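Trainee: Please take me through this model one feature at a time. Start with a single residue, then work outwards.

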Amino acid sequence: MRKSFQIAGAFIGVIVGAGFASGQEILQFFTSFGPISIVGTLVATVLFAFLGMNLTQLGSRLQTKSHQRVIYHICGRYLGVLVDVIITFFLFGVTVVMFSGAGAIFEQQFGIPSFIGSILMAIVTILTVTLSVQKVITLIGAFTPFLLLIVIVITVYSLINFDFATADLSAAVVTQNRGASHWLLGAILYVSYNLAAGAAMLTVMGGTVKDEKVAAWGGIIGGLGLGLLILLINVSMLTQLKAIASVPMPMLFLANNISPIMGAIMSIILLGMIYNTAVGMLYAFSARIVKTETVRFKGAVTIFGVAAFGASFIGFITLVGTVYPVMGYLGFTLIAAIIFTWARKKGTVGKIDSLN
């Protein structure tokens with residue numbers, strides 16, 4: 001199971017970037033709907049586990065080095081072209097969001113101009129992506145356990161200090177900016193755009209192992225881990241809805257409420273998770289455009305990274321609130337294709353069993 005847990009950690013690391021770990025995404029797609037958002041987190045957990053299992057398993061089966069083969073396999077020759085283009089485009093878009101998120105942390109926590117944080121993250125990301133895929137996967141999963149630990153601490157502290165008797169969640173809920181019109185749609189959208197962004201790296205990770213079951217368990221465990229993080233972050237923010245409404249990094253705000261030291265630790269972990277996602281997205285984007293482990297690949301990574309840095313000046317909250325919802329709707333196509341492929345495979349297996 002060691003390899004499965006390594007894939008799971010990298011799965012979580014790829015998905016948990018600036019918006020997720022900071023709480024900004026969870027705020028817009030879950031917490032803003034109030035207590036019912038807890039049900040939304042459970043829906044998201046099931047979807048992440050199921051879809052992650054299928055993508056890593058397909059990556060293993062096809063031994064893919066980029067998302068192209070898997071996408072064409074599940075979407076067909078014609079629809080596959082469209083989905084391939086969409087995923088490739090948004091891989092770059094999410095890289096931009098990560099660089100912008102790093103800048104937001106430097107500015108909010110340390111009072112350092114955001115462009116400095118963005119350029120530092122861009123440099124470290126570019127250098128990492130030039131390594132081999134196995135090293136990239138190992139580095140991506142490194143910060144995941146630390147994030148889980150500090151999120152648990154923040155959640156417990158928030159619950160202990162929450163006054164349930166005088167709380168008026170309904171009054172705070174209506175003031176929030178929502179990523180969708182309904183809590184269930186918000187949960188599905190959240191999984192959809194994360195999957196559209198993470199599918200490429202998930203298939204690459206699956207392609208690093210030959211045992212499909214090992215790859216599949218990596219997807220399942222990673223999906224369950226993501227669900228746990230969403231639930232904990234959501235619960236902690238529900239206790240402070242009014243206070244976190246206008247801050248770019250809600251979880252960083254809650255960590256600073258505990259102590260400045262906790263805020264500093266959270267900042268470091270957030271930067272680590274942003275790094276994880278930036279590396280995963282830039283690697284998958286570059287691998288789709290240029291053949292990996294070549295001199296040309298390293299040059300392309302540098303060019304793409306610099307371009308993403310330039311686009312990061314649009315602003316973190318603006319990027320999360322506009323790029324991600326649009327990406328989510330487009331990701332529905334990918335989810336439908338994965339479910340159809342899974343159902344078709346099950347049907348084929350059933351027919352074979354009945355013949356036997």
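**Reading one residue, then the fold**

Mentor: Ser267 has its place in helix α14 (residues 260-289). Helices (H or I, at least four residues) and strands (E, at least two) are DSSP runs, numbered from the N terminus. The model is predicted, so local features need pLDDT of at least 70 and side-chain atom pairs pLDDT 80 or more, while totals for chains, interfaces and linings use all residues. Residues are numbered from 1 along each chain as its sequence is written, and side-chain values use heavy atoms, without hydrogens or water.

Trainee: Is Ser267 buried or exposed?

Mentor: Buried means under 20% relative accessible area, exposed over 50%, partly exposed in between (1.4 Å probe, protein chains only). Ser267 counts as buried because its relative accessibility is 0%.

Trainee: Which residues is Ser267 in contact with?

Mentor: Contact means heavy atoms within 4.5 Å. Set aside neighbours within four places in sequence, and Ser267 is in contact with Ile105, Gln109, Phe110 and Leu252.

Trainee: Now the whole chain. How many helices and strands does the protein chain have?

Mentor: There are 16 helices and zero strands in the protein chain. The chain has 356 residues, and 56% of them are buried. Take its contacts with a separation of 6 or more: 84% join residues 24 or more positions apart.

Trainee: Give me another residue with contacts far along the chain.

Mentor: Try Thr95, in helix α5 (residues 68-110). Thr95 is buried because its relative accessibility is 0%. Leaving out residues up to four places away in sequence, Thr95 touches Ala278, Met281, Leu282 and Ala308.
Thr203 is worth a look too. It lies in helix α10 (residues 183-206). With 1% relative accessibility, Thr203 counts as buried.

Trainee: What does Thr203 touch?

Mentor: Not counting residues up to four places away in sequence, its list is Leu55, Gly59, Thr64, Ser66, His67 and Val70. Look at Thr64. It is 139 residues from Thr203 along the chain, yet their C-alpha atoms are separated by 6.8 Å.

Trainee: Which residues of the largest nonpolar core touch the most other members?

Mentor: A nonpolar core is a set of buried Ala, Val, Leu, Ile, Met, Phe, Trp, Tyr and Cys residues joined through side-chain atoms within 4.5 Å. The largest one here has 100 residues. Phe20, Phe48, Leu147, Tyr190, Met201, Met266 and Leu334 touch the most other members.
Take Met201 as a case. Beyond residues up to four places away in sequence, Met201 touches Val14, Val136, Ile137, Ile140, Gly280, Tyr283 and Ala284.

Trainee: Tyr190 and Phe48 carry rings. How many aromatic pairs are there?

Mentor: Rings of Phe, Tyr and Trp (its six-membered ring) pair if their centres lie within 6.5 Å; planes under 30 degrees apart count as stacked, over 60 as edge-to-face and the rest as tilted. That rule gives a count of eight aromatic pairs. One of them joins Phe29 and Tyr190: tilted, 5.9 Å centre to centre, with 45 degrees between the planes. Phe29 lies in helix α3 (residues 24-29) and Tyr190 in helix α10, so this pair ties together parts 161 residues apart in sequence. Both Phe29 and Tyr190 are buried.
For an edge-to-face example, take Phe285 and Phe304: 4.9 Å centre to centre, 80 degrees between the planes. Phe285 belongs to helix α14 and Phe304 to helix α15 (residues 295-311), so the pair ties parts 19 residues apart in sequence. Phe285 is buried at 10% relative accessible area. Phe304, at 17% relative accessibility, also counts as buried.

Trainee: Which residues do ring pairs link into a cluster?

Mentor: Phe29, Phe30, Phe48 and Tyr190.

Trainee: Last feature: charge. How many salt bridges does a search of the whole structure find?

Mentor: Side chains of opposite charge can pair when their charged atoms come close. A salt bridge is a side-chain nitrogen of Lys or Arg within 4 Å of a carboxyl oxygen of Asp or Glu. The search finds two.
Arg61 and Glu212 form a salt bridge at 3.2 Å, N to O. Arg61 is in helix α4 (residues 37-62) and Glu212 in helix α11 (residues 212-238), so the partners are 151 residues apart. Both are partly exposed: Arg61 has a relative accessible area of 33%, and Glu212 has 26% relative accessibility.
Asp84 forms a salt bridge with Arg288, with the closest N and O atoms 2.6 Å apart. Asp84 lies in helix α5 and Arg288 in helix α14, so the pair ties together parts 204 residues apart in sequence. Asp84 is buried, at 4% relative accessible area.
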